[in-house]
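Happy to walk through this one with you. Have a look at the sequence and the fold, and then we can take a few questions in turn.

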Amino acid sequence: MKKSIVAATLSLLSTSLYAATLPADLNWQTNWDEPLFASSEAKFGGTFRTYMQSFPQTLRSVGPDSNSGLRYYILDETPGLLDRHPNTDAWIPALANEWALTGDNKTVYFKLNPKAKWSDDKPVTADDFVFMLKFYRSKDLVAPWYNEYYTNVVSDVQKIDAHTLMVVSKQEKNPEDLLETLGGLRPRPAHFYANPSKDENGDGIDDNYVRKYNFKAEPTTGAYYLDDIKKGKSVTFEHVGQDWWGYSNKYYQHRYNVEKIRINVIRDNDIAMKHFEKGDLDSFALVLPELWHDKSNGEPYQKGYIHKFWGYSQLPEGAGGLWMNVATPLLDDLNVRRGISYATDYDGMIEKITRGDYSRKPHALGTGHGKYDLPNAKAPEFNPEKAIRYFEAAGFDQIGPDGIRVNQQGQRLSFAITYAYAHHTPRIAYLKEQAKKAGLEYELKLVDGSSAFKFMLEKKHQLAFLDMSASTTPAYWEYFHSVNANRPQTNNFTNFSTPELDKLIMAYKNEFDMEKKYRYSQQIQQIVGDANVIVPGYMVPYIRMGYWRWLKFPTPAMTKKTETLFSSGGALGFGTFWIDPQVKKETEKALKSGKTFEPVTIIDDTYKL
């Protein structure tokens, strides 16, 4: 016991005692020349009020049940070493002010912003990045994806001095891929987790990490820290203050302008909209066609108290649609899966239910990745006759009294679709009715928000109605490598894998030559498409919001990568909006007196394709 404690202590201290050597001939780079996308007119202050449909099962950003809820606020949207400009896509400073590549295609050096601090006022140092590697490799996290990634993708992190570090990739990569992989790394606060007495295996992490930190918020490098938690009811994020270190970086100036973000739990969207129209929430997403076209034309909109905004972006689209779990009975049959692909009427759903506002994904693994994408990909069309031929080939050649196909063993052609949000019910109900034309039954299985994602991670679903986020470079290992199949808490939602696919995925991950990498990506997409394990779904290349007139934003409001104009229950966004206190007082006074304003609808098509 004492020996392991001593070992753990020495392990934590070693980052300060030993440092790597800085090469003398490094060519340091930086970039302060990109255009700004925030507004100097922004004002600081006020509380932004929004909502989430379910309370997160954990405040951890890593480990069981962490891949949902408030993760964007806590980790994903905090500064990495570098960032990409949302319009030019050029590399710009974030936590690091400078970076240097060595020419070995594996190593990058970074110089941290010396003003960077954690929200508890501790300095951000190279030690936090060294600790990060130990943290993500620890089995105590119960996070196999992180264990694998930070072992097989990131080879090493070494401290040069307090504000200089060296990061090494496991594989050789071209400069862009190298910065994509290593520039996005985010530190973990070594001082927050240090507890050698509870670290018997000496890996630097508390052996009871999952339970101990389940609802314990760690310090952040971002502009907002988690200040108040009312379990099951609300969370409140508070701004670090106008002296936040990030404002020493020109790209963060005039962003993250509200003083607090309060997120209440409102489990029903219709009820949330009523709260919004009463003025209890500051904004409300109107992406859903029925909300934009039918339900946002009432009195507060016509009287100009609430404005409407429709803005287009050019974000890559991730994998998504109807995921089939091949580890469940019948779905291991390719003919059944092919039949499902032709019996699922996504195009009709887009036209009839979403008013034609949405678009169909050409491939189940997404689009918008340039040469990585399979050229001329096209989603399977709705074709009941073709679906029936595949179902009959799978042995479902009889029709039951209810119109659903059965095989000689009496098994019905029936599958449950698991989904997370009640507003998706009409869409899936439409798919259900159309599927009957091929003798296929869909059962609707609505599971509450974060619980639905946990259900899918544990591979308990038959079919999952799910879309995943996207990156500039497509990810395949997490979705289709065999090490993630039939294992809980991984993103292989289909449980599909083959030796050929494993080989291609690893070749894709390790390839340096970009033309070869593009070919591997296209081959992977071809195999996944031919396997019919995901019916390609829809995409929404825009945002639509309703907002009270006291909310202000830059002109133009959108960037190519804008995902949300205002902070929402699941994402912080670029934080370029602000609250105008004078306009808020004016509006509140007008509400009492009956004064009205001109109705306003803004269409920002700057980045409409």
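The questions below cover domains, a helix pair and two backbone details of this predicted model.

Q: How is the protein chain divided in the domain assignment, and which domain is given as two segments?
A: The assignment gives domain 1 as 78-213 and domain 3 as 323-537. The remaining one is written as 224-314 + 541-604, and that is domain 2.

Q: What area do domain 1 and domain 3 bury between them?
A: The C-alpha centres of these two domains lie 34 Å apart. Eleven residues of domain 1 are in contact with 13 residues of domain 3. Carbon and sulfur atoms carry 52% of the buried area, which comes to about 1,100 Å².

Q: Is α11 roughly parallel or roughly antiparallel to α13?
A: Helix α11 (residues 334-343) packs against helix α13 (residues 384-393) with the axes 8 Å apart and at an angle of about 165°. Angles over 145 degrees count as roughly antiparallel. Therefore α11 is, relative to α13, roughly antiparallel.

Q: How many nonpolar residues are in the contact of α11 with α13?
A: Residues of α11 such as Val336, Ile340 and Tyr342 are among those that meet a set in α13 including Ala387, Tyr390 and Phe391. By class, the contact has two charged residues, two polar ones and, for the nonpolar class, nine.

Q: Which residue is joined to Pro556 by a cis peptide bond?
A: Pro556 sits in the loop between β23 (551-552) and β24 (578-579). Omega of the cis bond is about -5°, and the partner is Thr555.

Q: What is the phi of Tyr256?
A: Tyr256 lies in the loop between β9 (234-239) and β10 (260-265). Although Tyr256 is not a glycine, its phi is positive, at about 55°.

Key:
Residues are numbered from 1 along each chain as its sequence is written. This is a predicted model: local features need pLDDT of at least 70, side-chain atom pairs count only at pLDDT 80 or more; totals for chains, interfaces and linings use all residues. Side-chain values use heavy atoms; hydrogens and water are left out. Axes are lines fitted to C-alpha atoms, for helices over the stretch in contact, and angles run from 0 to 180 degrees between N-to-C directions. Helices (H or I, at least four residues) and strands (E, at least two) are DSSP runs, numbered from the N terminus. Angles under 35 degrees count as roughly parallel, over 145 as roughly antiparallel, 65 to 115 as roughly perpendicular and the rest as oblique. Contact means heavy atoms within 4.5 Å. Ala, Val, Leu, Ile, Met, Phe, Trp, Tyr, Cys and Pro count as nonpolar, Asp, Glu, Lys and Arg as charged, and the others, Gly among them, as polar. Domain bounds come from an automatic or database domain assignment. Buried area is the accessible area (1.4 Å probe) that two parts lose on being put together, summed over both.
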